[in-house]
Amino acid sequence: MVGKNKQQRDGSFEGKVVLVTGAAGGIGRATALAFGRAGASVVVADLSVDGGHATAAMIVEAGGKALFVHANVTRDAEVEALINKTVSYFGRLDCAFNNAGIDEEHLLLADGDEALFDRIMNVNVKGAWLCMKYEIRQMLKQGGGAIVNTASMAGLVGAPTQAIYAASKHAVVGMTKSAAAEYGRAGIRVNSVCPGVVNTPMLARALERGPAREKQLRNLHPIGRFGEAAEIANAALWLCSDEASFVTGHQLVVDGGLTAI
């Protein structure tokens with residue numbers, strides 16, 4: 001779906017084509033909308049058909065251009081098809097925000113099971129790897145681009161009751177640094193954003209265990225509150241922008257001071 005310009009946009013990504021995975025809600029949706037407001041043509045990718053179409057429709061209604069593509073980031077053929085469809089529809093791929101991920105673990109390490117380990121690693125690690133694999137191949141053809149991966153503060157420090165998730169996000173950080181080192185001379189910048197606890201549907205599900213959990217998590221942040229999805233979106237857009245032209249291999253922490261103490 002392609003929309004006409006209905007409102008003033010800042011134009012900082014005018015003429016750019018951006019892919020956002022996990023864009024049916026939360027941080028992914030906020031970032032896709034922000035790219036749309038900034039003038040980019042946005043490819044919205046997600047497993048959720050309804051949520052993905054809704055995000056794309058919001059971009060179009062605001063005067064932007066968007067295309068929804070149903071894709072499972074854990075499947076090589078589907079990720080390759082996602083990149084091919086992006087290029088066939090919009091002509092190129094300038095920026096990618098690899099945000100698809102899951103957080104289903106609230107157990108001590110010894111209480112986890114193999115199925116949970118495989119599922120988290122498959123989505124968070126393999127998914128990010130596959131996306132970068134095909135995004136980089138396309139960007140090499142074009143002579144450059146910018147990629148941002150969603151890691152986490154749990155990719156920098158330990159995360160009690162989330163050992164597998166922390167391991168997966170440490171892996172994302174490692175892949176980000178490696179890709180940045182490998183492709184910097186080819187004009188491809190690769191960074192990650194590391195959110196603290198953010199007000200999203202994922203957080204709402206985690207807080208269903210009781211108000212004590214909410215207070216505990218909020219108190220971890222010296223700033224005194226949870227983050228908002230739009231705040232993570234702002235960080236992702238900056239990392240993709242020309243203003244960050246000398247930034248690569250970096251983990252931008254947006255965590256309200258959580259990892260400062």
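Within helix H1, the buried residues (under 20% relative accessible area with a 1.4 Å probe and protein chains only) are Ile27, Gly28, Ala30, Thr31, Ala32, Leu33, Ala34, Phe35 and Gly36. This is a predicted model, in which local features need pLDDT of at least 70 and side-chain atom pairs count only at pLDDT 80 or more, whereas totals for chains, interfaces and linings use all residues. Residues are numbered from 1 along each chain as its sequence is written, and side-chain values use heavy atoms, with hydrogens and water left out.

Helix H1 (a DSSP run of H or I with at least four residues, numbered from the N terminus) covers residues 26-37, and its end C-alpha atoms lie 17 Å apart, which agrees with the 16 Å that its 12 residues should span at 1.5 Å a residue; the expected span is 1.5 Å times one less than the number of residues. Nine of the 12 residues of H1 are buried, so that the helix is mostly covered.

Two residues with positive phi are set out below.

| Residue | Phi | Place |
|---|---|---|
| Gly39 | about 100° | just after H1 |
| Thr161 | about 70° | loop between strand S5 (145-150) and helix H5 (163-183) |

Strand S5 is a DSSP run of E with at least two residues. Thr161 has its positive phi although it is not a glycine. Most residues other than glycine have a negative phi. Thr161 is partly exposed (between 20% and 50% relative accessible area), at 27%.

Among the 16 residues that line the second largest pocket, Lys16, Cys95, Cys240, Ser241 and Asp242 lie nearest its centre.

Conventions. On a 1 Å grid over the protein atoms alone, a cavity is a set of points where a 1.4 Å probe fits but cannot get out, and a pocket is an open set with protein on both sides within 12 Å along at least five of seven lines; lining residues have an atom within 4 Å of a point.
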